Amino acid sequence: MGAVRPWARLSEHALDFASADSAMGHAADFALGLALAQPARKVICLNGDGSMLMSLGTLVTIVASGATNLVLFVLQNDTYEVTGNQPVPGAGRVDYSAMARAAGFSRVHTFADTAAYEAALPSILQGAGPVCVTVKVEPGTETPLGRGPEQTAAYLRPSLAESARLLRRALVDPR
């Protein structure tokens, strides 16, 4: 959830979608649904470590689905950032990449170094998935998410229902 606003500073593409404000723990589930519905598109999911802990079964479900177009990033800051940076259970001990391997992911990466991550990213995004990438990051200072015209992230301005409608329209647009 903490990646929603920072991502909006990097991209306002019509295919960017933030469901995190009303579906904590389910970004990876949603991304899997998109990957299965849109097999010709690469689907990239930015998921927090706290959210990943809430739905660990999704790792097994992703592999079992056979989706080959999904790249799941787990942003590990060991906190529930948007609720005040409380530590997630097992903070500092949980190995998300090991969990992904145990679930059956054959392409798994872990990064704590920016330069190594930047160098590997192009090859990570190429080829068949599913891919799980754990990126160790420092806790941020994001506050709880909301929706409405005052939001700085364009995809948080409309209601979730309207955002979903806009995403459906963008998915059928051939551009």
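User: In this structure, is S55 buried or exposed, and how should I read its relative accessible area?

Analyst: The general idea is to set the value against a cut-off, and a residue counts as buried when its relative accessible area is under 20%. S55 has a relative accessible area of 8%, so S55 is buried. Please keep in mind throughout that this is a predicted model.

User: Where does S55 lie, and with which residues is S55 in contact?

Analyst: S55 sits in the loop between α3 and α4, and, once its neighbours within four places in sequence are left aside, S55 is in contact with G25 and D29.

User: How should I read the overall layout, that is, how many helices and strands does the protein have, and what pattern do they follow along the sequence?

Analyst: The general idea is to list the elements in order before looking at how they pack. Here the protein has seven helices and six strands, and along the sequence they follow the pattern α-α-β-α-α-β-β-β-α-β-α-β-α. Of the 175 residues, 43% count as buried, and among contacts between residues at least 6 apart in sequence, 71% join residues at least 24 apart.

User: Helix α4 follows that loop; which of its residues are buried, and what do they pack against?

Analyst: With a helix, one asks which residues are buried and then how wide an arc they cover around the axis. In α4 the buried residues are T58, L59 and I62; because they cover an arc of only 110° around the axis, they are on the same side of α4. These buried residues of α4 pack against α2, α3, β2 and α5. Just after α4, G66 takes a positive phi of about 85°.

User: How does the same reading go for α5, and which of its residues are buried?

Analyst: In α5, Y96, S97, A100 and A103 are buried, and since they cover an arc of only 120° around the axis, they too are on the same side of their helix, α5. The cover over the buried residues of α5 includes α3, α4, β2, β5 (107-111) and β6 (131-136).

User: How should I read the nonpolar interior; how many residues has the largest nonpolar core, and which of them have the most contacts inside it?

Analyst: A core is read from its members, then from the elements that supply them. The largest nonpolar core has 26 residues, and L70, L72 and F105 are those with the most contacts inside it. The elements that give two or more residues to this core are α2 (27-37), β1, α4 (57-65), β2 (70-76), α5 (96-103) and α7 (160-172), and α2 gives the most, with six residues. For L72, leaving aside its neighbours within four places in sequence, the residues in contact are A28, C45, N47, M52, L59, I62, V131, C132 and V133. Apart from this core lies another, of eight residues, among them V71, A120, V131 and V135.

User: Where is Y117 found, and how far apart are Y117 and V135 in sequence and in space?

Analyst: A sequence separation and a spatial distance are best read side by side. Y117 is found in helix α6 (residues 114-125), and Y117 and V135 are 18 residues apart in sequence and 8.1 Å apart in space, C-alpha to C-alpha. With neighbours within four places in sequence left aside, Y117 is in contact with F73, F111, V133 and V135. The relative accessible area of Y117 is 21%, so Y117 is partly exposed.

User: Turning to the surface, which residues form a nonpolar patch, and which elements contribute to it?

Analyst: A patch is read from its members and their accessible area taken together. W7, L10, I44, L46 and L125 form a nonpolar patch on the surface, with about 450 Å² of accessible area together, and the elements that give two or more residues to this patch are α1 (4-10) and β1 (43-48). L46 lies in strand β1 and, at 32% relative accessibility, counts as partly exposed. The protein as a whole exposes about 9000 Å², of which carbon and sulfur atoms supply 59%.

User: How many salt bridges does the structure hold, and which side chains meet in a salt bridge?

Analyst: One reads the distance first, then the setting of the two partners. The structure holds one salt bridge, in which the side chains of R165 and E162 meet at 2.4 Å, N to O. Both R165 and E162 lie in helix α7, three residues apart, which is about one turn of the helix. R165 is partly exposed, with a relative accessible area of 35%, and E162 counts as partly exposed at 27% relative accessibility.

Technical notes
Residues numbered from 1 in each chain as written. Predicted model: local features only at pLDDT ≥ 70, side-chain atom pairs only at ≥ 80, totals over all residues. Heavy atoms only, no water. Patch = residues over 30% accessible without salt bridge, like charges linked within 9 Å, V, L, I, M, F, W, Y side chains within 5 Å. Areas by Shrake-Rupley, 256 points an atom, 1.4 Å probe, with all protein chains shown as cover. Salt bridge = Lys/Arg side-chain N within 4 Å of Asp/Glu carboxyl O. Helix = DSSP H or I, 4+ residues; strand = E, 2+ residues; numbered from the N terminus. Buried < 20%, exposed > 50% of the residue type's maximum accessible area, 1.4 Å probe, protein only. Core = buried A, V, L, I, M, F, W, Y, C linked by side-chain atoms within 4.5 Å. Contact = heavy atoms within 4.5 Å. Arc of directions from axis to C-beta.
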